[in-house]
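The following account leads the reader through selected parts of the structure shown below. It begins at the end of a helix and proceeds to the elements that surround that helix.

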Amino acid sequence: MTKRIVILDYGSGNLRSAERAVARHGVEVTVTSDRDAALNADGLVVPGVGAFSACMAGLRSVGGERIIDRRLSGGLPVLGICVGMQILFAEGIEHGVRTEGCGEWPGTVDRLEAPVVPHMGWNTVDAPEDSVLFRGLDRDTRFYFVHSYAARRWELQADPTGTIPAPLVTWAEHGDRFVAAVENGPLCATQFHPEKSGDAGAELVKNWLSTLS
């Protein structure tokens with residue numbers, strides 16, 4: 001059966017680029033803000049560009065934070081991209097203004113500390129050996145980034161009982177280190193743009209789609 005993927009339309013993100021990047025792998029893709037479609041899809045992609053606060057306002061306007069939380073509660077896959085990754089954290093700080101995020105992960109998204117901001121262009125990442133998203137990709141593979149803000153610390157503690165697998169965190173560097181991708185059960189996200197990262201991005205999307213049941 002063909003997998004059904006929804007690109008969540010909440011007024012932010014490279015919707016058509018994301019749609020094309022996913023559709024090339026032979027799945028059924030719909031761009032919509034419809035709650036039922038987003039809840040019932042095999043996979044949900046949450047893109048995002050621009051300001052953290054604007055993205056959160058748009059997301060809340062379509063009930064997106066509740067859609068994400070409900071999917072994750074049921075173990076249904078979600079992929080966040082760029083600011084669509086940032087809003088998964090507890091909060092974002094832009095120009096001294098704090099905005100509450102979705103809170104799926106603790107921690108703060110704030111401005112990169114680097115000689116040149118924004119971070120724009122191709123960069124390598126440091127992925128864990130057992131990563132599924134980066135499976136089959138060489139360590140010198142480059143992905144396309146466009147951002148001025150990022151999560152520069154990872155604050156989620158490992159489960160002390162060992163019953164819940166620890167999230168796999170991928171890092172990159174621009175001035176200092178920042179979180180470039182996360183694999184956390186049904187919730188995955190990338191700070192870079194897979195849809196703008198050529199063959200490498202296509203392979204990452206293919207790897208994500210392979211995780212859908």
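In this predicted model, helix H4 is followed by Gly-75, a residue whose phi is positive, near 75°. The helix itself spans residues 64-73, and Gly-64, Ile-67, Ile-68, Arg-71 and Leu-72 are its buried residues. Viewed down the axis of H4, these buried residues fall within an arc of 125°, and they therefore line one face of the helix. The face turned away from this buried side carries Arg-66, Arg-70 and Ser-73, which are exposed. On the buried side, the residues of H4 pack against S1, helix H2 (35-40), S3, helix H3 (52-61), S4 and S13.

A second helix, H6, comprises residues 198-210. Its 13 residues reach 19 Å from the first C-alpha to the last, close to the 18 Å expected at 1.5 Å a residue. Within H6, the buried residues are Ala-200, Gly-201, Ala-202, Leu-204, Val-205, Asn-207, Trp-208 and Leu-209. The elements that cover them include strands S1 (4-8), S3 (43-46), S4 (78-81), S9 (142-147) and S13 (187-190), together with helix H1 (15-23). Strand S13 thus appears among the elements packed against the buried residues of H4 and also among those covering the buried residues of H6.

Strand S13 contains Thr-190. Is this residue buried or exposed? Thr-190 counts as buried, because its relative accessibility is 0%. A polar atom of the Thr-190 side chain lies 2.9 Å from the backbone oxygen of Phe-192. Leaving aside residues up to four places away in sequence, Thr-190 touches Gly-80, Ile-81, Cys-82, Met-85, Ala-180, Ala-181 and Leu-204. Of these contacts, Leu-204 is one of the buried residues of H6.

Another contact of Thr-190, Cys-82, leads to the matter of disulfides. How many disulfides does the structure hold? The number is zero. Cys-55 is in no disulfide, and the nearest cysteine sulfur, that of Cys-82, is 8.3 Å away. Why is Cys-82 not bonded to Cys-55? Cys-55 has the cysteine sulfur closest to that of Cys-82, but the separation of 8.3 Å is too far for a bond, since a disulfide requires sulfur atoms within 2.5 Å. Both cysteines are nevertheless buried: Cys-55 has a relative accessibility of 1%, and Cys-82 has a relative accessible area of 2%.

Technical notes
Residues numbered from 1 in each chain as written. Predicted model: local features only at pLDDT ≥ 70, side-chain atom pairs only at ≥ 80, totals over all residues. Heavy atoms only, no water. Helix = DSSP H or I, 4+ residues; strand = E, 2+ residues; numbered from the N terminus. Expected span 1.5 Å × (residues − 1). Buried < 20%, exposed > 50% of the residue type's maximum accessible area, 1.4 Å probe, protein only. Contact = heavy atoms within 4.5 Å. Arc of directions from axis to C-beta. Polar contact = N/O pair within 3.5 Å; in protein donor to acceptor, adjacent residues only side chain to side chain.
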